[in-house]
Amino acid sequence: MVAPQRSEPQAQLSVFDAVMIVVGLIVGIGIFRAPSIVAGNVASEAMFIAVWLIGGAATLIGALCYAELSAAHPNAGGEYHFLSKAYGKSVAMMFGWARCAVIQTGAIAAVAFMLGDYLAQIAPMGIYGPAIYAALSVVVLTAVNVVGTTESKNLQIVVTFLEIAAVLAIIWFGFFGTPDLTRLTPVVTPPQTAALGMAMIFVLLSYGGWNEAAYLTGELKDAPRNIAKVLTLGTLITVGLYVLTNWAMLSVLGLDGLRNSNAVAADMMRVVAGRPGEILVTLAIAVAAVSTLNATIFTGSRVFYAMARDLTVMRWVGTWNGRGKTPANAQLLQAAIALALIGMGAVTRDGFKAMIDYTAPVFWLFLLLVGLALFVLRRRYPQRPLPYRVPLYPFTPIVFCLTCAYMLYASLAYSGKAALVGLVVLAAGTPILLFKSKHGGETSYRTAPSNTALK
């Protein structure tokens, strides 16, 4: 009697699909909020453009390091799988705990809240309107992802195209529109104190999300050969869009105008296109939030799935839905935690900023460990074929690790007590190690089919 086959991740994403998901993950709401903060922490217009270029270069370096890890170890577990192979299951499970309980679900709740804030401006629903919209957006997009990977990736392609079109429109109006400066409210510019570290925190926060590509390798066609294309193309497209967008806004508003604006894109479009321009930006931000939210739900659930396969409890989370070709149970659990966080946010309206503050040190700590894993895995498996090698090794990964170390220091220095809360939440997950599965020395779930020969 032949045992029934368990459903596993299938290679169903093309390079185009994956690039759209990566661009959708990176090009989010940050580009519409961070430029004013960055402008307030640089000394000149040249430095303002330079920090976006430096941030783009740092992002590309990180993407190239991830390309080697992802090509050599393609798996739906992404970073969880890299950490498990480099340091063992215990470290990977602590990462999984931090990501499932705080980082990823917190990001989903935060983006959903921002989408709710904008929708509440269009159709107010009272004091809890943003929270209601946020909860509905999580429910609806989770439902799309539970139905199937094909449906969620098609939605991602549509919203990413709309998002890119809106950003290109902002760039075009910025360079070729006719500014009417009478529409710009004059303000008194307070003295500024340049703090390059703070500027880089928000630049790299805006570029965040590229590392999520690692979670696509379990479903990417010919992942060992294609993941480097996905990471490189996705990163370069984003860097180009971000630098041109900031340049366009700078050319219209100037550095002082950027510093004194809480809605830089809306202010720029009002100057060059009037009220219709503001409406366009509002719609662009809503589309960007949907794009980021859908992509984050898509990749986030893969860690729930991967970690559950290494636990002696909650094994139902580690099942793969064969009909929809998706980790449906993991997505439902992820949505439940995100909804609980939204409920907390509805009571504490300042929870959004606090959530970002206390998750940042934990995020950079584990990103540093992933960077170091590249050295560990090269030494541990010297005979292993590498479909893609990071260029200029070891210089490139050293720069990546130093960048992560600096960002870890900066996030601790600027976040204060909130950073300690994040570390406490990380420590609170230690008991989960008691439920670690005893079988095998590595993660037990299957890697991408095309990489079987490399295992």
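**Note on an all-helical predicted model**

1. Aspartate 222 is placed in the loop that runs between helix 8 (196–206) and helix 9. Although this residue is not a glycine, aspartate 222 has a positive phi of about 45°. Aspartate 222 has a relative accessible area of 29% and is therefore partly exposed, falling between the limits of 20% for buried and 50% for exposed. The model under discussion is a predicted one.

2. As to the overall fold, the chain contains 14 helices and zero strands. The pattern read along the sequence is accordingly α-α-α-α-α-α-α-α-α-α-α-α-α-α. Of the 455 residues in the chain, 56% are buried. Where contacts join residues at least 6 apart in sequence, 84% of these contacts link residues at least 24 apart.

3. Helix 9, which comes after the loop of aspartate 222, covers residues 223–259 and packs against helix 7 (residues 149–176). Their axes lie 8 Å apart and make an angle of about 35°. The crossing of helix 7 past helix 9 is left-handed.

4. Which residues of helix 7 and helix 9 meet? From helix 7 come Ile164, Val167, Leu168, Ile170, Ile171, Gly174 and Phe175. Helix 9 supplies Leu241, Leu244, Thr245, Trp247, Ala248, Ser251 and Val252. By class, this contact between helix 7 and helix 9 has 11 nonpolar residues, three polar residues and no charged residues. A general point helps in reading such lists: an α-helix has 3.6 residues a turn, so residues three or four places apart point the same way.

5. Helix 4 spans residues 79–87, and eight of its nine residues are buried, so helix 4 is largely enclosed by the rest of the structure. The buried residues of helix 4 are Glu79, Tyr80, His81, Phe82, Leu83, Ser84, Lys85 and Ala86. Residues with charged side chains are thus found in this buried set, including Glu79 and Lys85. After helix 4 comes glycine 88, with a positive phi near 105°.

6. Phe82 of helix 4 is also one of the residues touched by serine 70. Serine 70 belongs to helix 3. Is serine 70 buried or exposed? Its relative accessibility is 0%, so serine 70 counts as buried. Leaving aside residues up to four places away in sequence, serine 70 touches Phe82, Ala214, Thr217 and Ile227. Of these, Ile227 falls within the range of helix 9.

7. The model has five cavities of 30 Å³ or more. The largest cavity holds about 130 Å³ of space. Its lining consists of 14 residues, and Thr59, Leu204, Trp210, Trp364 and Leu367 are those nearest the centre. Helix 3 (45–72), helix 12 (351–380) and helix 13 (395–415) each give two or more residues to this lining. In the lining of the largest cavity, nine residues are nonpolar, five are polar and none is charged.

8. The second largest cavity contains about 80 Å³ of space. Glu68, Leu69, Ala72, His73, Leu374, Leu377, Arg378, Tyr381, Arg384 and Leu386 line the second largest cavity. The elements that contribute two or more residues here are helix 3 and helix 12. This lining of the second largest cavity has six nonpolar residues, one polar residue and three charged residues. The charged class is therefore present in the lining of the second largest cavity, whereas the lining of the largest cavity has no charged residues.

9. The loop between helix 12 and helix 13 deserves a separate point. Leucine 392 is located in this loop. Leucine 392 is not a glycine, yet has a positive phi of about 60°. With a relative accessible area of 65%, leucine 392 is exposed, because that value is over 50%. Proline 394 is placed in the loop between helix 12 and helix 13 as well. Which form does the peptide bond from tyrosine 393 to proline 394 take? That bond is cis, with omega near 5°.

10. Lastly, isoleucine 285 is a residue of helix 10 (residues 264–308). Its relative accessible area is 8%, so isoleucine 285 is buried. In sequence, isoleucine 285 and alanine 265 are 20 residues apart. Their C-alpha atoms lie 9.6 Å apart in space.

Note on methods: Residues are numbered from 1 along each chain as its sequence is written. This is a predicted model: local features need pLDDT of at least 70, side-chain atom pairs count only at pLDDT 80 or more; totals for chains, interfaces and linings use all residues. Side-chain values use heavy atoms; hydrogens and water are left out. Axes are lines fitted to C-alpha atoms, for helices over the stretch in contact, and angles run from 0 to 180 degrees between N-to-C directions. Helices (H or I, at least four residues) and strands (E, at least two) are DSSP runs, numbered from the N terminus. A crossing is left-handed if the near helix is turned anticlockwise from the far one by less than a right angle, and right-handed if clockwise. Contact means heavy atoms within 4.5 Å. On a 1 Å grid over the protein atoms alone, a cavity is a set of points where a 1.4 Å probe fits but cannot get out, and a pocket is an open set with protein on both sides within 12 Å along at least five of seven lines; lining residues have an atom within 4 Å of a point. Grid points are joined across faces, edges and corners, and a volume is the space filled by probe spheres set on the points. Buried means under 20% relative accessible area, exposed over 50%, partly exposed in between (1.4 Å probe, protein chains only).
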